[in-house]
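User: I am new to this structure and would like a close look at a single part of it. Please start from that part and work outwards.

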2 protein chains.
Amino acid sequence: MEADEAVETIQREMTAFARRARASAGRMHPELSLVSYTLLGHLEESGGCRATDLAAHYALDKSTVSRQVAALEQARLIERRLDPDDHRVQVLHLTEAGRRILAQVTDSRRAAFRERLADWPEEDLRRFAGYLARYNAWTPPGGD
Amino acid sequence: MEADEAVETIQREMTAFARRARASAGRMHPELSLVSYTLLGHLEESGGCRATDLAAHYALDKSTVSRQVAALEQARLIERRLDPDDHRVQVLHLTEAGRRILAQVTDSRRAAFRERLADWPEEDLRRFAGYLARYNAWTPPGGD
DNA sequence: CACTTCAAGTTGTACTATACAACCAAGTGG
DNA sequence: CCACTTGGTTGTATAGTACAACTTGAAGTG
């Protein structure tokens, strides 16, 4: 069956990609690990959120996020603002430096991707982007 | 520009995927980490190879591979055979147990993927698979 | 043949990301 | 007011990784 084979290919290729990304992400941007990068990215997209939100979004333990956040704060890339309504809550925001570094890393990542995708027809690019978004948007019946 | 946006989406989604895969792979199959899984997979595909080959293929340090291989051997999933022509070389082979576990994990991963892709039209599946394969097949001008 | 150089692997050490569990602090509801 | 919940931190353990130093075997060169 055609579809079955395609599923297998998707599985294999996504796995291969994940392994490689993991292996190389740290080397590309010593300033910002893949995790830190995605966390900063989420902060930018969301315009500020809580550590708990990050943990939920990325299926990470809150302790992990707590330490990542601590490191990012120490590096002055984000800042915490106490929520006046609920003093347990720290709303996280990008600092100017954070925004700058994020943009920088995004740029260099984008350049790498663009090189990699240079000879793709635009139509294929758009479809591929759509498939990926659709794939990632999927949420399982009961948690991730 | 449309294509630019698509590149950005691909970048973001691939990154998100890599992060999630890393975070969840270990939980899905405590018996076989993502790295071990890909190493076993490579051994199966290649029909046996050296540790150095694995390191080169996955851009891992040879020490890392050495330890992974040691663990896989201890778990009786692979075995080392001294190359009679070059006594420095250990050719790695899957054991029967290794082949079995690999098939098992592959199955369960495939099931998860299939669930995730259940409602995709076959045409989209095939195109997506093609894009991923094409993306991963790309090799950089000078290294990864 | 002895000497250097190279290649394959191992081991020591350190670091990062991670989880889990125990904890603290601040709201919430009886 | 007290129990419970929620947001977050800290202690501890583990996995995966890199880099550097080392061991062993092979290969080339005088």
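What is the order of the strands in the open sheet of chain A, and how do they pair?

Analyst: This is a predicted model. The open sheet of chain A has 3 strands in the order β1-β3-β2, and the pairing is antiparallel. At the edges stand β1 (49-50) and β2 (78-82) of chain A; each has a single partner strand, so one side of each is left without a neighbour in the sheet. The pairing of β1(A) with β3 (residues 90-94) of chain A is antiparallel and runs over 2 bridges. Within this part of the sheet, Cys49(A) is placed opposite Leu92(A) of β3(A).

Helices pack on this sheet. One of them is α2(A), which touches β1, β2 and β3 of chain A and has a direction at about 95° to that of β3(A). Another is α4(A), which touches β2 and β3 of chain A, with its direction at about 110° to that of β2(A).

Chain B can be described in similar terms. Its open sheet of 3 strands has the order β1-β3-β2, with antiparallel pairing. The edge strands there are β1 (49-50) and β2 (78-82) of chain B, each pairing on one side only. β1(B) pairs with β3 (residues 90-94) of chain B in the antiparallel sense, over 2 bridges, and Cys49(B) faces Leu92(B) in β3(B). Across β1, β2 and β3 of chain B lies α2(B), running at about 95° to β3(B).

The next step is the relation between the chains. A turn of 179° and a shift of 0.2 Å along the axis lay chain A on chain B with an RMSD of 0.3 Å. This is the relation of a two-fold axis. The C-alpha of chain A nearest the axis belongs to Ala18(A), at 2.4 Å from it. Both copies use the same surface, as 100% of the contact residues of chain A recur in chain B.

As for the contact itself, 44 residues of chain A are in contact with 45 residues of chain B. On the side of chain A that touches chain B, the elements giving two or more residues are α1, α2 (34-46), α5 (96-116) and α6 (122-137) of chain A. The most comes from α1(A), with 19 residues. By type, this side of chain A divides into 24 nonpolar, 6 polar and 14 charged residues. The helix α2(A) therefore appears twice in this account: it packs on the sheet of chain A, and it is listed among the elements on the side that touches chain B.

The DNA strands come last. Around DNA strand C there are 25 residues, of which Ser33(A), Asp61(A), Ser63(A), His87(A) and Ser63(B) come nearest. Two or more residues each are given to this surface by α2 and α4 of chain A and by α1 (2-28), α3 (51-58) and α4 of chain B. The largest share, 5 residues, comes from α4(B). The surface near DNA strand C consists of 6 nonpolar, 10 polar and 9 charged residues.

Around DNA strand D there are also 25 residues, and Ser63(A), Ser66(A), Ser33(B), Asp61(B) and Ser63(B) come nearest. Here the elements giving two or more residues are α1 (2-28), α3 (51-58) and α4 (62-74) of chain A, with α2 (34-46) and α4 (62-74) of chain B. The most is given by α4(A), with 5 residues. The surface near DNA strand D has 6 nonpolar, 10 polar and 9 charged residues.

Conventions:
Residues are numbered from 1 along each chain as its sequence is written. Chains are lettered from A and ligands numbered from 1 in the order in which they are written. This is a predicted model: local features need pLDDT of at least 70, side-chain atom pairs count only at pLDDT 80 or more; totals for chains, interfaces and linings use all residues. A residue is near a molecule or strand if its C-beta atom, placed from the backbone, lies within 6 Å of it. Helices (H or I, at least four residues) and strands (E, at least two) are DSSP runs, numbered from the N terminus. Ala, Val, Leu, Ile, Met, Phe, Trp, Tyr, Cys and Pro count as nonpolar, Asp, Glu, Lys and Arg as charged, and the others, Gly among them, as polar. Two residues are in contact if their C-beta atoms, placed from the backbone, lie within 7 Å. Two strands pair if DSSP finds at least two bridges between them. Axes are lines fitted to C-alpha atoms, for helices over the stretch in contact, and angles run from 0 to 180 degrees between N-to-C directions. Copies are superposed by least squares on the C-alpha atoms of residues with pLDDT of at least 70 in both.
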